[in-house]
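User: Can you walk me through this model, pocket and aromatic rings included? Keep it casual, please.

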Amino acid sequence: MKDMAGGGSDYNRDCLRFIMDIFKCFGVYLPRDTKYQGNMNPAEKISFPQQTEDRKIILDGLKTGDLLFMKGHVMMYLGKFGNEYYVIHQGTGFKQKKPNGDFEGFDIHGTFIMPLSVYTLNSSTTYLDSLSLAVKITQGLNKI
């Protein structure tokens, strides 16, 4: 029987299923929908402001394992290395800006680690500037 409830329907592992699988390894069962993962209690939720520098301040306050959301997508925050903020997620790819200003797309369709400074595959907006919500799930794991 096919799993039709989202989070990996039709035997495909999407971003949601990837996050669910990681937490399940530690006995934590997350909701099957990004909408519900973003509304989990007692986890602290932080909406991202418009300004990129303010977004970086929020990221500086997160821990490895906290969740980052953008429209229709969830990623796990890994932390900061140098001046870059890194995530791991199940995705379709990203774009990087070449020195001449053109974009080069990387069509991946899998699990990958990347900096939030790269651009989404379908726009000229960085992942950092596409973030809508952070969920500090690591602070509430003992209560979930």
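**Pocket and rings**

Analyst: Sure. This is a predicted model, and its largest pocket has a volume of about 190 Å³.

User: Which strand gives the largest share of the lining of the largest pocket?

Analyst: The lining includes M70, H73, H89, G91, T92, G93 and Y127. Four of the lining residues come from one strand, the largest share, and that's strand β4 (residues 84-97).

User: How many charged residues are in that lining?

Analyst: Sorted by class, the lining of the largest pocket has seven polar and three nonpolar residues. For charged ones, the count is: no residues.

User: On to the rings. Are F94 and F106 stacked or edge-to-face?

Analyst: The model has three aromatic pairs. In this one, the ring centres of F94 and F106 are 5.0 Å apart. Their planes sit at 25°, and under 30 degrees counts as stacked, so the pair of F94 and F106 is stacked.

User: And is F106 buried or exposed, or partly exposed?

Analyst: Its partner F94 is buried, with a relative accessible area of 12%. F106 has 27%, and the range between 20% and 50% is the middle class, so F106 is partly exposed.

User: What do F94, F106 and F112 form?

Analyst: F94 also pairs with F112, with centres 6.0 Å apart and planes at 40°, so that pair is tilted. F94 is in strand β4 and F112 in strand β5, 18 residues apart. Together, F94, F106 and F112 form one aromatic cluster.

User: Which ring does the charged end of K95 sit over?

Analyst: The charged end of K95 is 4.8 Å from the ring's centre. The ring belongs to F103.

Notes. Residues are numbered from 1 along each chain as its sequence is written. This is a predicted model: local features need pLDDT of at least 70, side-chain atom pairs count only at pLDDT 80 or more; totals for chains, interfaces and linings use all residues. Side-chain values use heavy atoms; hydrogens and water are left out. On a 1 Å grid over the protein atoms alone, a cavity is a set of points where a 1.4 Å probe fits but cannot get out, and a pocket is an open set with protein on both sides within 12 Å along at least five of seven lines; lining residues have an atom within 4 Å of a point. Grid points are joined across faces, edges and corners, and a volume is the space filled by probe spheres set on the points. Helices (H or I, at least four residues) and strands (E, at least two) are DSSP runs, numbered from the N terminus. Ala, Val, Leu, Ile, Met, Phe, Trp, Tyr, Cys and Pro count as nonpolar, Asp, Glu, Lys and Arg as charged, and the others, Gly among them, as polar. Rings of Phe, Tyr and Trp (its six-membered ring) pair if their centres lie within 6.5 Å; planes under 30 degrees apart count as stacked, over 60 as edge-to-face and the rest as tilted. Buried means under 20% relative accessible area, exposed over 50%, partly exposed in between (1.4 Å probe, protein chains only). A charge sits over a ring if NZ of Lys or CZ of Arg is within 6 Å of the ring centre and within 35 degrees of the ring normal.
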